[in-house]
Amino acid sequence: MGTYEKLHLANNLDALDLLAKQDFSVINVNNYKFKQICNALSKLYKETQLNILNQEKTYILLARYLTFYNHLLNTQTDKNFVKIRFGSEYEKVLIQYEETKRSLQERYALKFRTVPDKPVQEEKDNVVEVSPRVFQDEFITCQQLFSALERKCNILLVDARPDYDFKESRINHINCINVPDQSITSGLSAHALGKKLATSTQKIWETRDTFDVIVLYDWNTSSDNFALTKLNKLRSALVDWDLNRNYSEPPVILNGGYLEMLQTYPTKCVNPHVYLYQKNTELDELLELDNIKYPTESDNKTHVMGIPEEKKVDELGVNDENEVTKTKESLIKENKEITINRQGIISQLLQEEKEWKKINELCNQENNITNLANLKTKESEISVEINRLRDILDDLNKKKDDVKKKLELDFQCDPQDDLKSEDLKEITKIEEDDSEKLRILGIIDEERSKELKKARALKPKKEERESKGNNNEVRDSERPVINRATKPAVMPFAQRLRIEPLEYMTSGLVGLRNIRNTCYISTVMQCIRNIPALKRLFCRGTYSSYNIRNPAAIIHETAGLIRQLWSKSVKSIDPQEFYNKVGQLEATYKLGNHEDCMEFFLFLLNHLCEDCCYDINLPPIMTPKQKAWYNQFEGKNSVFIDWFYHQIRIKQNCNQCDQKTFKFEIESTFMLSVPEHDFSLDDLMDEYMADYIIPEYCCSKCKRPVNNQKEICYEPKIMVIVLKRYRQAVVNGVLTLKKVESRAHFQVKKFRLGNCLYQLNAIAVHSGDMNYGHYTAVALTSKGWYEFNDETVRPISINDESLKVKACAFFYSMCDD
């Protein structure tokens, strides 16, 4: 028992159950897409595993998971899919919940038995007298915030978006203030930050510790990226550098930011018709920590208006010699402050110059005209920032020279100077370090000038451009900035991180050792590494040029495993490194249980997308399908999004009044239900794309059911089809799921989707029932079709009858022609 954290939230399980239900009943699952609900449930599960030593918090999270799961199960029409998607997870939570419940019951009983002097009733009274916290967690949902606002809690909302965004749209609340992101810097105290705010905002900011809780948010920060945002700096200013202030509870973060609030509760927002379009240009700021000047306790003192300090010294009768010394001390401190600020500007300037060089190299390599326009815009933005930093550096250099001249004059008055203290030594050391950085800046600046001259020399003259006419005119893309070019951009950090192509490649007939029931991992990896586009991406080393996230989550381990499979002349290899990385990202996969193959595929794809995610420019005018795509990925894109995701437009047409509306579906897989009789993939896809009517959904105008027509408007480069092979059955009076083993007839070549044809590359195969079984992969290699069964690799006929019965997922590639 000593290893657990102390009991502090409640004195019995009933009280904990009430906390578990707090703010949870306001969540309406029907307001969310099924994918959002699944993501929320998965995140909730991860939270239950983060700190199991805090049993009270873990119990609350487990109880919420079970409530959410049961509610989801009761509200979704496809209950079977919910059970398959979350069944194994649900069983683990249920076991953990019961164990935690028993342990807490024992601990609560033991706690009150070991304190005989204090009656139980008195304990209860004391608990009641303690004011409950508004929020229990550091990150809160918009539903929790909405509930707290409805309860009239005394909350200060601190919006850390740019001031122009705040003026355009914000949460409609009397205590909602704007602390613009441009005013937030590392190591800034809350007192110093307040001086940068607007006068009207300062008045509320000065009363910040009178509120029950402070809620911080920006556009879209979540728990996943919080550490890399300015919200983290703002919270640090309040938690670490706000001396002499006592808060009722620590500041909390609105998970998903204002964008989540805007989409969930638009009526609570002023002007909800806005879209997030800015780029994340400041994520690298936390990597430069050496130049941060942290505030001292004196920074938090209230400055009183009155006589300047120099005159107060005179009143105390201090002699002229001490006054000269005071002047020297202040000059040295001023010199030190300027030197430290100058050091920070030099480091920023060096970083921006390197970034400019990287973007310039990308421009020279890019063939896609839309991407090139975006890169040029970025290059222009960086140039503006470089000029701004150079102006600041010039001003600081001038101030530094002035201070040094004054110091030299003062030192002449006192040759036996005793002021060459640690401050002066520190100034000298910083200047020595800066001299090397300035030398590098000079070299980069010289190279930059050469590149500009070269670009101007290559730029065609006006008459040459006019003579070309419109032969190379490119039509506008149907959605924001999606790169279809097969040639990737150069890598972010030039030659330093360049991954060379494999010098030697085998036929790839290599198996993967089963570590702990990892057949589902082996199957996914064997399938995707036999997709030609992914094979080229990883084996040629060009994947590194797409990697944006630093450090990357799993793309390097994925690439390492795939490159081994294509370069080693062995029967099988041990994927231990890849398996360990998977376990770090998701603890469930370390348990050695039988897991769903395609669930793991979606997990892997999600992390690969995040590793290569970059911001895209918002076009001045967007079509509905562009807007849907943009909103789906929150203004981001990656090579894996570009290759795997498809978009379907659903036209909702009322046959009675002829009113038409449109909505869009964007997914990475086609989930197709399997009938109990033999079927073909063509028929399933036709059925999936067929018109349909939902009786419960009626026309907003005439209240009659509407006809829904599907149309594929963006075909994926890599198409993944997942078969939902299950049905409900009653066994011994109990409703269970049974596997459907009807034969699937599929096309190897020229499978059609929309206007595109596809070639089959691999099949994921499952043997067994709904509870237990084994996964294998069947893939097309240079030597024909082969089965990859963990360590064993053998040839197989694509017409094998067992494949038709056991196939659970198909991986297709778009044909080049």
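# Notebook: one predicted model

**Entry 1. The whole chain.** I began with contacts between residues at least 6 apart in sequence: in the protein, 73% of them join residues at least 24 apart. The model I am reading is predicted. I then looked up the secondary structure, which comes to 25 helices and 27 strands. Of the 817 residues in the protein, 44% are buried. The accessible surface is about 44000 Å². Carbon and sulfur atoms hold 50% of that surface.

**Entry 2. The nonpolar cores.** In soluble globular proteins, nonpolar side chains tend to be buried together. I looked for such groups here. The largest nonpolar core has 63 residues. Which of its residues touch the most other members? I noted Ile528, Leu534, Phe600, Phe640, Phe644 and Phe811. Helix H21, residues 597-611, gives the most to this core, with 9 residues. Another core lies apart from it and has 32 residues. Among them are Phe679, Met689, Ala744 and Phe746.

I picked phenylalanine 640 from the largest core for a closer look. I left aside its neighbours within four places in sequence. Phenylalanine 640 is then in contact with Leu534, Leu537, Phe538, Ile555, Leu605, Leu608, Cys609, Cys612 and Tyr645.

**Entry 3. Helices H18 and H19.** H18 covers residues 532-539, and H19 covers residues 555-567. Their axes come within 9 Å and cross at roughly 100 degrees. Angles from 65 to 115 degrees count as roughly perpendicular, so H18 is roughly perpendicular to H19. Where do the two helices meet? On the H18 side I found Lys535, Phe538 and Cys539. On the H19 side I found Ile555, Thr558, Ala559, Ile562, Arg563 and Trp566.

The loop between H18 and H19 holds proline 551. A cis peptide bond joins asparagine 550 to proline 551. I noted omega at about 5 degrees.

**Entry 4. Threonine 558.** This residue is found in helix H19. Is threonine 558 buried or exposed? Its relative accessible area is 0%, so threonine 558 is buried. I skipped residues up to four places away in sequence and listed what threonine 558 touches: Met525, Phe538, Phe578, Leu604 and Leu608. I also checked a distance to glutamate 577, which is 19 residues away from threonine 558 in sequence. From C-alpha to C-alpha, the two are 9.6 Å apart in space.

**Entry 5. Helix H10.** How many of the 10 residues of H10, residues 230-239, are buried? I found 7, so H10 is largely enclosed by the rest of the structure. The buried ones are Lys230, Leu231, Lys233, Leu234, Arg235, Ala237 and Leu238. I then asked what they pack against. The partners are strand E2 (155-159), helix H8 (190-195), helix H9 (199-205), strand E5 (213-217) and strand E6 (252-254).

**Entry 6. Glutamine 652.** I found glutamine 652 in strand E12, residues 646-653. Its relative accessibility is 6%, so glutamine 652 counts as buried. Which side chain does the side chain of glutamine 652 make a polar contact with? The partner is the side chain of asparagine 708, at 3.2 Å. Again I left aside neighbours within four places in sequence. Glutamine 652 is then in contact with Gln659, Lys660, Thr661, Lys663, Tyr697, Val706, Asn707 and Asn708.

**Entry 7. Two positive phi values.** I looked up lysine 152 and aspartate 790 next. Phi of lysine 152 is near 65 degrees, a positive value in a residue other than glycine. Phi of aspartate 790 is near 55 degrees, also positive in a residue other than glycine.

Both sit in loops. Lysine 152 lies in the loop between helix H6 (142-150) and E2. Aspartate 790 lies in the loop between strand E25 (784-789) and strand E26 (792-795). Their exposure I checked one by one. At 72% relative accessibility, over the 50% cut-off, lysine 152 counts as exposed. Aspartate 790 has a relative accessible area of 9%, under the 20% cut-off, so aspartate 790 is buried.

**Entry 8. Asparagine 755.** My last stop was the loop between strand E22 (751-753) and strand E23 (756-768), where asparagine 755 lies. Its relative accessible area is 71%, so asparagine 755 is exposed. Cysteine 713 is 42 residues away from asparagine 755 along the chain. I noted 9.4 Å between their C-alpha atoms.

How values were computed
Residues numbered from 1 in each chain as written. Predicted model: local features only at pLDDT ≥ 70, side-chain atom pairs only at ≥ 80, totals over all residues. Heavy atoms only, no water. Helix = DSSP H or I, 4+ residues; strand = E, 2+ residues; numbered from the N terminus. Buried < 20%, exposed > 50% of the residue type's maximum accessible area, 1.4 Å probe, protein only. Polar contact = N/O pair within 3.5 Å; in protein donor to acceptor, adjacent residues only side chain to side chain. Contact = heavy atoms within 4.5 Å. Areas by Shrake-Rupley, 256 points an atom, 1.4 Å probe, with all protein chains shown as cover. Core = buried A, V, L, I, M, F, W, Y, C linked by side-chain atoms within 4.5 Å. Axes fitted to C-alpha atoms, helices over the stretch in contact; angles between N-to-C directions. Parallel < 35°, antiparallel > 145°, perpendicular 65-115°, else oblique.
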